[in-house]
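This report covers selected helix packings, buried polar side chains and backbone features of one protein chain. Please keep the structure open while reading.

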Amino acid sequence: MKLFGFLVFIGVYCCYGQHYTTDSPPAYYDRRCGEDLGNLWLDVVVVVDNSKGMTNGGLINIAASIASVFSNGTRIGTDPYEPRTTRLGLVTYNAVANTVANLDTYQSLDDVYDGIFTALSQVSSSDESYIVHGLAQAEDILEDGKSNKNRTHYQRVVIVYASTYKGTGPLDPIPVADRLKTAGVTIVTVAYDQDGDGALLADLQLIATPPYNFSNTDQAGNEIGEIQGALLQVNCFCPNGWTQYRASFTDIHSYRYGVCIQPENLKAVWRAAQSSCRIRWNNAYLATEFDGTKHDFILSAIRNQTGFIQPFSYHIGLNLVNGVWVWDHPVGWARPQLQNWYGWLPGYPLQSSTLTAVLNSQPSTDVKTGWVNIAPLNTAANYVCETASCDTDNYCASVTSDTAVQKH
C-alpha cells in the first residue's frame, strides 16, 4: 500500500513525485525513494517507557500508534518466499528494561496487535524511567537478530517512546545511542510530553538520528505519518561504495532521493565508461544531471573522492543520438531528452557529427565544471555511474556485489 499522508515529514525537504519505470515515458526528475509501506523491509525494535509518568492512557495511545504505523500492508515477520518483510521487536523500560518480543516473536500483524495491546495495557509500578536500559536492551535484540544471515543487509531502526529524559553517569543514554548510530542503526524518538513545554523533545534530540525526533503534541498531529515517513527514508539506501543523492551533500541526514552515484577515479573513454557502469550494478548507467542542484552535488562528491585531481574532467551520461541530446539509461529503457537546464560551457556544444558524448570539464581550479562534447572513443577521463537505490520499490538481495537483484 502506498503512503500519501506524511506531508508534514516530507515538507521539511521537498515534494514527492511518481516513480519512473522501464515501461513508462522517461521522467525528467531524479527518482524518489519508494513509498510502498506494504514493501517495507527493515528490522525494527520499539522501546516504550512504561513508568508511571507515561500514564495508562498514554501507554494505550502508544500501543495504537505502533499498531497503526505497521498497518498499511507491512508484512510482519519472515517469509522464505518474500524478502520484503519487517521484523518487529518490543522492549518496555522503567527502572529496568524488559524484552516483550524479540525480532522473531511476531510473525503477522495479528501477532503485533495481540502482543502490543497486551504488553502496553497498564503502566508499571515504577516511578523511575531510564532510557539507557531500553536502548541497551534494543541493542542486544538487534545483535541477536544478526543470526539470520539472510537479513544482514537490512536497515535497522529503534523507535523510542519516552515520557521523560533522565540519566547521568552510567545512566546517561547518549553513549549507548551513539554506539547504536555508529553501528548503522537509526534512532527515531517520540516525545510523550506530559508538561507540553517542549523540553522533552529537546532532550530526546540528543539521542535521535536527525531529523527523526517527533512529538505526540506536534501541531500537525501526524505522529504516525511522520514515523512512517522516517521508515521509508531509512529503507532507502545505497549499495556499499555508492553515495546517495540527497538534498545537501554536506548534511548526510538531509532528504534522500532514490538515486545512488559512484565516482570512478580510473580513466576511460566515454563508451568504455558507459559499459563499465552497466556492469557495476544492476541497471546502472552513466550519471544524469537533470538540474544544477544535481550537477553541484556530483561535483561535491568528486571533490571529496580520492584520485580526482583538479582541474576536474569526468564523463556523464549525456550523449547525442540521432541528432537529439539524451541521457544514458539502462539498455531497453527510454532515454530522457535534455531539457529545462543546461550545463554547457560557453561555446558548447560544438556542432559535429562525431563529438557525440559529454564530459564535465573544469576550465580552471577556481571555477565549477561545465559540459563539453567530445568524441566517445577518443578522450579518456574519470566518470560517474548512477543507479537506483535499494528501497521499497527495489529490493536488493545484496549490497556488496552486482548480484543485488531488484524486485519490483
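The text below takes helix pairs, then three buried residues, then unusual backbone geometry.

The model is predicted, so local features need pLDDT of at least 70, side-chain atom pairs count only at pLDDT 80 or more, and totals for chains, interfaces and linings use all residues. Residues are numbered from 1 along each chain as its sequence is written, and side-chain values use heavy atoms, with hydrogens and water left out.

**Helix packing**

Helices (H or I, at least four residues) and strands (E, at least two) are DSSP runs numbered from the N terminus. Axes are lines fitted to C-alpha atoms, for helices over the stretch in contact, and angles run from 0 to 180 degrees between N-to-C directions. Angles under 35 degrees count as roughly parallel, over 145 as roughly antiparallel, 65 to 115 as roughly perpendicular and the rest as oblique.

The axes of helix H2 (residues 56-69) and helix H7 (residues 223-234) cross at roughly 45 degrees and come within 9 Å. H2 is therefore oblique to H7. Ser65, Ser68 and Val69 of H2 make the contact with Glu223, Ile224, Ile227, Gln228 and Leu231 of H7, where contact means heavy atoms within 4.5 Å. By class, the residues of this H2 and H7 contact are 4 nonpolar, 3 polar and 1 charged. In this classification Ala, Val, Leu, Ile, Met, Phe, Trp, Tyr, Cys and Pro count as nonpolar, Asp, Glu, Lys and Arg as charged, and the others, Gly among them, as polar.

Helix H4 (residues 131-145) packs with helix H5 (residues 174-182) at an angle of about 25 degrees, and their axes are 9 Å apart. H4 is therefore roughly parallel to H5. On the H4 side the contact is made by Val132, Leu135, Ala136, Glu139 and Leu142, and on the H5 side by Val176, Ala177, Arg179 and Leu180. The residues of the H4 and H5 contact divide into 7 nonpolar, no polar and 2 charged.

The two crossings also have a hand: H2 and H7 cross in a right-handed way, whereas the crossing of H4 and H5 is left-handed. A crossing is left-handed if the near helix is turned anticlockwise from the far one by less than a right angle, and right-handed if clockwise.

**Buried polar and charged side chains**

Accessibility is given in three classes: buried means under 20% relative accessible area, exposed over 50%, and partly exposed in between (1.4 Å probe, protein chains only). A polar contact is a pair of N or O atoms within 3.5 Å; within protein, one must be able to donate a hydrogen and the other to accept it, and residues adjacent in sequence count only if both atoms are side-chain atoms.

Asp49 is found in strand S1 (residues 42-49) and is buried, at 0% relative accessibility. Its C-alpha atom is 8.0 Å from that of Val160, a residue 111 places away along the chain. Beyond four places in sequence, Asp49 touches Met54, Leu59, Tyr93, Ser129, Tyr161, Ala162, Ser163 and Thr164.

Arg87 belongs to strand S2 (residues 87-93) and is buried, with a relative accessible area of 1%. Residues in contact with Arg87, leaving aside neighbours within four places in sequence, include Leu42, Asp43, Asp104, Asn148 and Arg151.

Gln362 lies in the loop between strand S12 (357-361) and strand S13 (370-374), and its relative accessible area of 4% makes it buried. Among the contacts of Gln362 outside four places in sequence are Arg303, Gln310, Pro311 and Phe312.

The polar contacts of these side chains are tabulated here.

| Side chain | Partner | Distance |
|---|---|---|
| Asp49 | Ser129 side chain | 3.0 Å |
| Asp49 | Ser163 side chain | 2.5 Å |
| Arg87 | Gly145 backbone oxygen | 3.0 Å |
| Gln362 | Phe312 backbone nitrogen | 2.8 Å |
| Gln362 | Val367 backbone oxygen | 2.8 Å |

**Backbone geometry**

Most residues other than glycine have a negative phi, and most peptide bonds are trans. What is the peptide bond from Gln310 to Pro311, cis or trans? That bond is cis, with omega near -5 degrees, and Pro311 is in the loop between helix H9 (292-303) and strand S10 (313-321). Pro210 and Pro211 are also joined by a cis peptide bond, with omega about 0 degrees. Pro211 is in the loop between helix H6 (199-204) and strand S6 (213-215).

Asn283, in the loop between helix H8 (270-280) and strand S9 (285-286), has a positive phi near 55 degrees. Asn283 is partly exposed, with a relative accessible area of 30%. Asn322 has a positive phi near 50 degrees and sits in the loop between S10 and strand S11 (324-327). With a relative accessible area of 79%, Asn322 is exposed.
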